[in-house]
Amino acid sequence: MIKKIWIILFLGMFTVVTTCLAMEYQGQTVTAQDMKNLPPGIIENLSPEDMEQLKNATSVQEPSQKKNAPSDAENIANKLGSDTETTDASGTEKTNEDKPDLNGSKDIVSGNVSIIEQQYRKGYSSTLSGHLNQFGYDIFRSATMQPSSLAVPDPAYLLGTGDQLFIRLWGSGSDAEYSVTVDREGTINVPKIGIVQLAGVKYGDVESIIRREAQKYIQGINVSVTLTKLRSLEIYVVGAVENPGLHIVPSFSTIFNGLLAAGGVKKSGTLRQIKLNRAKKVIKVLDVYDLLLKGNRGADEILQNKDVIFVPGIGKTAAVAGAVNNEGIFEITSEKNVQDLVRLAGNVLPQAFGSRIYLRRFENNQSFVVNDINSKSINEWKKIAIQNGDLLELTFSLSQLPNVVNLEGHVWIPDIFQFKDGMKLSDVLTAPKLLMPDAVMAFALIYRYDLETTRVTPRQFPLSKVFTGEYDEALHPFDRIKILSRAAIGIRENFAITGAVWKPGEYEYKSGLKLKDALALAGGLMTDARTDRIEIKRKIKTGTKFETEYIQLNLTDSADFVLESEDRIGVPKLEDYFISLEGHVWFPERMKYYSGMTLSEILISRDLPKPEDILKPDAMMAFGLIERYDPKTTRTTSIRFPLAEVFKGEYDAELQPFDKIKILSRLELGIAETFSLEGAVWKTGEFTYQPGLRLKDALALAGGLKFGARTEKIEIARQFIDGDRVQTDYIMLNNDQDGDFLLEPWDSILVPNIKNATLVEKVAITGEVAYPGTYSIREGEKVSDLIQRAGGFSEYAYFYGAKYTSEKARIIQQKSIDQMIERLQLSVTKASSNMAQTAVSAEDVTAAEVTGETAKNLLQQLSSIKAEGRIAIKLADLASFKNSLYDFRLKNGDILDIPSKPSFVSVVGSVYSPGSFLYEPNRDLDFYLAKSGGIAKTADEDYMYLLKANGEILSMSQNNGFFSSFGSTVLMPGDTIVVPEDLERVPYLKMISEIADIIFKIATTAGVAVALSL
């Protein structure tokens, strides 16, 4: 019984909480009623995860939480709108829709698209509703709560505590002014009059009340009262507003002012049923649509202290999209039919009434249907009922392509002409006065529509010839004649003017421009301008290239000379005859010309007498150029002169006005002479040759000589031409004696290197010696010398197990292994090929493929075996070992390892229990094989071998006579017995006769115990 009571209580609480719970989404509060009024189909479109988050969203949050952290339901709404919203670099969310917002509102105040808008935009398969917004909510963004300083309360305004009055009394010998405030008791205290009760008094009655009180004490008194400061009201704005709670507003504020103070109504809140509660009663219901659609604010009641404005959740909605004056999502109350809904949208546009009108809705909140409405029977629309979630879509009337010809582009008046049979270009383009300045006269375009392909193709025609009557063309219906602007297509022609004018520079060229006009554009001539030598530099085309023409004019005779585009006008001054020095020089300059001026006077002055003072490095000394203008031919000619001879005093020439002396650079001409250095220097390769370069300079450019350079045998290979052949001469130099030897271009220098001059040979000794490490050795040192330098053996040294590896031996062993693997590879390939050729069934083919893959794996295992380079050595105490057979000379990279004595013997391979076994003195090979369980059935006893600790190999094949003693071989600590697999048991290996022999040789050559996975 108790359990049933608890269950009932729990279910009851769950029902109450679920009904009252408000869920945050899109920054809005959604109550259970709001959920009921959402457009049909929206809940069905939510995923199970989104629905679960929406159910778990918190109903009550602190304002700071709402602003700072989006709720679960907000995340769902954002997810629903993620395909239409992006976030810019500043973090502000914005939609991707570029359509104009006819409602004047793109989003709600918080900047998000509401879940209702999302559904209408995406849930109705409509091409017209993709930008719909909820009607009316944008008013709270554009309106302001800032009270005007000029606001005057209505005479019916009731005074209360906090209102401040300015009272002036005059007459009967009195003239006084007082500023008083209505106190908590609702009274004011006026000097000479006393206390006057004003709480609840209308503002229009204040003067008469104070006058009546004053006349009790002073007869004939006049009174003037002004309200200077209004009290504030405390109101509560709750429900679906942006900032619910207590707000302070001016005393004569209305319901609408209160909503503004709370940040406006959320899109989840109603605009049609906003309630004003006073003293626990609803005294007014505000419908914002009356204000927005009718301009009626009769229900906008003036507030009083402690009033409560309550904004319930939004009611039923319906939307209108398409050919109406005001598209939007509307909240519906008394609207019952399509005609009422269209009135809310501002009625239809003249372009409406296309072939169809659609009413899209969710029947029974489940199935989606689209109803057709007769677009011609407007009076019948009031018979068509609307319901929550309806979307009315009014299509535009179908426009037909007009049968006209258009004139557009760079014309004074774009025009449209009704097409007529036989109509031509000249009927439209009657005179050039139709065109705006700078129209392109060479051509214009006709955009012609092809009814069959529905493509528009531009066609060119010669515009200027139409006006002259040289060209005309028949027009087609729908043609668009477009006149182009020179500026619009980037055509810009200039001319330049320099010299003795007031404003030199570049100017825009106009057709027919004359010389006198160009000078006027530049501000006119300066007083010292020389008008008889005006020079025009003009580009002319000759064949396939452009050349420069120089035209010299006298302004008196040629003021009307017609200029061309890109002309360059130079107006010299009276003293402007000059000579220019330019090119590869330190100080390019222009000098005043005087008669008799010579080349040497420009290049060799008293201040700069040397070539290096005027010429930059790598100047072309063989010749320079004088660019000279010939006024007779108006051409410029380049005259070559020997530059080096000018500096030697062996050549000179008289200059003419406007000569340009140009010094050339070897680098610019591509002249690059080199020499090369190889051998024992730090930087080898090619170097740039400079005249006067010596051997020691070249060696310095290469970073100097390396250690071991043979300086007394430096070789220079020098080429010289003998007749029509190139010969090479070899010159042997000693750096100490011939450092000043002069080099020539293309010399090749070789500095030989003494053999092994920089090679320091090193060997390593590790293990049981006093000082293990890596030691540098000199020529002829032996193993015993290395042991002695390492401090000799320690007491734990195991001579028998000493391991000596040589890099040279490793290379030889590895080469042998590689050759054996290559030989085995050929055998495997041959055997696999034979198997494939002899295969007679699918099973044989499969077996051949498996055999080839297995052989490939075997070869990969064998390829991983690397030679160690071990050399068998018999070590003994230093006194006995020195100068013995095994005391050989050391080589660079050798390693000697002296281990401590091990305590085991190992058995690996095809035995029953491979492993390491404790060493017992004087025990033979058979003894340790017995310890490992003996040889397995899969073993190949003929290829069994012993890998001794000293690196030697002893095999069964070496002792396979009738009286074999291999099994009685006495073992030493560290020895390893290797019992290989019987390769004959593997079918595919039977075909390779030498497989076992090769594998045995690879293993013994590498000095390893091989265990193959076959």
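1. Starting towards the C-terminal end of the numbering: Phe 904 has Leu 918 in strand 46 as its bridge partner. Keep in mind that we're looking at a predicted model here. The two strands involved, strand 45 (residues 904-909) and strand 46 (residues 915-918), run antiparallel and are joined by four bridges. Together they make a hairpin, with five residues between the strands.

2. Next, the open sheet of five strands. Its order is 11-10-14-12-13, and the pairing is mixed. Strand 11 (245-250) and strand 13 (281-286) sit at the edges with a single partner strand each, so one side of each has no neighbour in the sheet. On average, neighbouring strands of this sheet are turned by 30 degrees against each other, direction ignored.

3. Inside that sheet, have a look at strand 12 (residues 274-278) and strand 14 (residues 308-311): they run antiparallel, with three bridges joining them. Asn 277 is the residue standing opposite Val 308 in strand 14.

4. Now the largest pocket, which has a volume of about 680 Å³. There are 23 lining residues, and the closest to the pocket centre are Glu 535, Tyr 550, Phe 578, Phe 658 and Lys 660.

5. Which elements give two or more residues to that lining? They're strand 25 (494-499), strand 27 (534-542), strand 28 (545-553), strand 29 (568-571), strand 30 (578-583) and strand 32 (624-630). Strand 29 supplies the largest share, four residues.

6. On the make-up of the lining of the largest pocket: by class, I'd note nine charged residues, eight nonpolar and six polar.

Methods. Residues are numbered from 1 along each chain as its sequence is written. This is a predicted model: local features need pLDDT of at least 70, side-chain atom pairs count only at pLDDT 80 or more; totals for chains, interfaces and linings use all residues. Side-chain values use heavy atoms; hydrogens and water are left out. Two strands pair if DSSP finds at least two bridges between them. Axes are lines fitted to C-alpha atoms, for helices over the stretch in contact, and angles run from 0 to 180 degrees between N-to-C directions. On a 1 Å grid over the protein atoms alone, a cavity is a set of points where a 1.4 Å probe fits but cannot get out, and a pocket is an open set with protein on both sides within 12 Å along at least five of seven lines; lining residues have an atom within 4 Å of a point. Grid points are joined across faces, edges and corners, and a volume is the space filled by probe spheres set on the points. Ala, Val, Leu, Ile, Met, Phe, Trp, Tyr, Cys and Pro count as nonpolar, Asp, Glu, Lys and Arg as charged, and the others, Gly among them, as polar.
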